Amino acid sequence: MAFTIRQLQFFVAVAEQGTVSGAAQNLSISQSSVTEAIKELESDLGVELFERHPRGLNITHKGHQFLRHAKKILADVSDARRAFLGDQVAAGGRLQLGVTSLVAGYVLSDLLARYRRAYPGVEVSAIEDNGDYLEHLLVGGKLDIAVMVTSNLRDRTALQSEILEVSAYRLWLPLSHKLASADIISIGDIASEPLIMLTVDEIEENTGKLLAAIGARPHVAFRTRSVEAVRSLVATGAGVALLPDLVYRPWSLEGDRIESRDISGSLPVVQVGMVWRRGSSLPQAARDFIGLAQSQRMVRR
């Protein structure tokens, strides 16, 4: 029996939510339907997609590989449907995009791939820089749209934004870490732990605020602008990290396992969204990009 689109949708939802109950709630269906769909999918593929444990599910290495294929299949199906709704534009045009480092490979890449397939005649140029500079370019009319962290947007009077994704901070730690088996982890538990600090967007600032709230200072073992470097360093036991869940992947490039755990208490969230100049007359290519991003957000929800 071949797998179905519905099974792929359920699988992606479980992978993103981390629990069957979370996926069922997100999809507005019963947990038993989700569980059965995942079992049938695993049976069809002949591999285990998830490791079961009392706190929920961990995606396996095979599951993580299949997740990329599942998302691409669902995106292709969505694009095929759009083709018959008259949404594709054969005419050309130009789209000038900006993106911040944190979201370049985790939000923009899939979105941009879908946009290129839907509007192949549009010439797309994109630059990656920090949020302040992208705001400057947007206000000056040098960019049409930026896909960036919007929770720390500075110039809200001149810029308009729309949220695409909200992601909470979680603790990353190696599989063998003593906190990996803890039922509850607080900020105080990690105050003395060596931190692998990601220095892009607002990550370092938010981490410092979290620890300052309990009277502690970050014990930074390593600073880097690379998420992959964070993954490798955490997986090999060089330290732990506090990062938004949207950039979490359970494996380092070397194939080592990385665990992710909730932190008790009130933690900040990272908002990722589209930003453009308020009141500007956006070109058709930019309006199409916004529309496609909105439709993808609705599909994810």
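Student: Which elements each supply at least two residues of the lining of the second largest pocket?

Tutor: In this predicted model, they are α6 (131–139) and β5 (145–149). Of the lining, α6 gives the most, with three residues.

Student: What else is known of the second largest pocket, and which residues lie nearest its centre?

Tutor: Its volume is about 230 Å³. The lining has 18 residues, and N130, G131, D132, N152 and D201 lie nearest the centre of the pocket.

Student: How many residues of each class are in that lining?

Tutor: Eight are charged, six are polar and four are nonpolar. As for the residues named at the centre, D132 and D201 are Asp, and Asp counts as charged. G131 is also there, and Gly counts as polar.

Student: Now the helices. Why is α1 called oblique to α2?

Tutor: The axes of α1 (residues 5–17) and α2 (residues 20–27) cross at roughly 120° and come within 8 Å. Roughly perpendicular covers 65 to 115 degrees, and roughly antiparallel needs an angle over 145. The angle of roughly 120° fits neither range, so α1 is oblique to α2.

Student: What is the handedness of that crossing, and which residues meet?

Tutor: α1 passes α2 in a right-handed crossing. From α1 come F10, A13, V14 and Q17, which meet G22, A23, N26 and L27 of α2. The residues of this contact divide into five nonpolar, three polar and no charged.

Student: What makes α1 and α3 roughly perpendicular?

Tutor: The axis of α1 comes within 9 Å of that of α3 (residues 31–45), and the two cross at roughly 105°. The range for roughly perpendicular is 65 to 115 degrees, and α1 and α3 are therefore given that name.

Student: Which residues make the contact between α1 and α3?

Tutor: On the α1 side they are Q7, L8, F10, F11 and V14; on the α3 side they are S33, V34, A37, I38, E40 and L41. By class, eight are nonpolar, two are polar and one is charged. The charged residue can be picked out: E40 is in the contact, and Glu counts as charged.

Student: How do you know that α2 is roughly perpendicular to α3?

Tutor: Their axes cross at roughly 115° and come within 8 Å. The range for the term runs from 65 to 115 degrees, so α2 counts as roughly perpendicular to α3. Here too the crossing is right-handed, with α2 passing α3.

Student: Which residues of α2 and α3 meet, and how many of them are charged?

Tutor: V20, S21, A23 and A24 of α2 meet Q31, V34 and T35 of α3. That contact has four nonpolar, three polar and no charged residues.

Definitions and conventions
Residues numbered from 1 in each chain as written. Predicted model: local features only at pLDDT ≥ 70, side-chain atom pairs only at ≥ 80, totals over all residues. Heavy atoms only, no water. 1 Å grid on protein atoms, 1.4 Å probe; cavity = no way out; pocket = protein on both sides within 12 Å on 5 of 7 lines; lining within 4 Å. Points joined across faces, edges and corners; volume = space filled by probe spheres on them. Helix = DSSP H or I, 4+ residues; strand = E, 2+ residues; numbered from the N terminus. Axes fitted to C-alpha atoms, helices over the stretch in contact; angles between N-to-C directions. Parallel < 35°, antiparallel > 145°, perpendicular 65-115°, else oblique. Left-handed = near helix turned anticlockwise from the far one by under 90°. Contact = heavy atoms within 4.5 Å.
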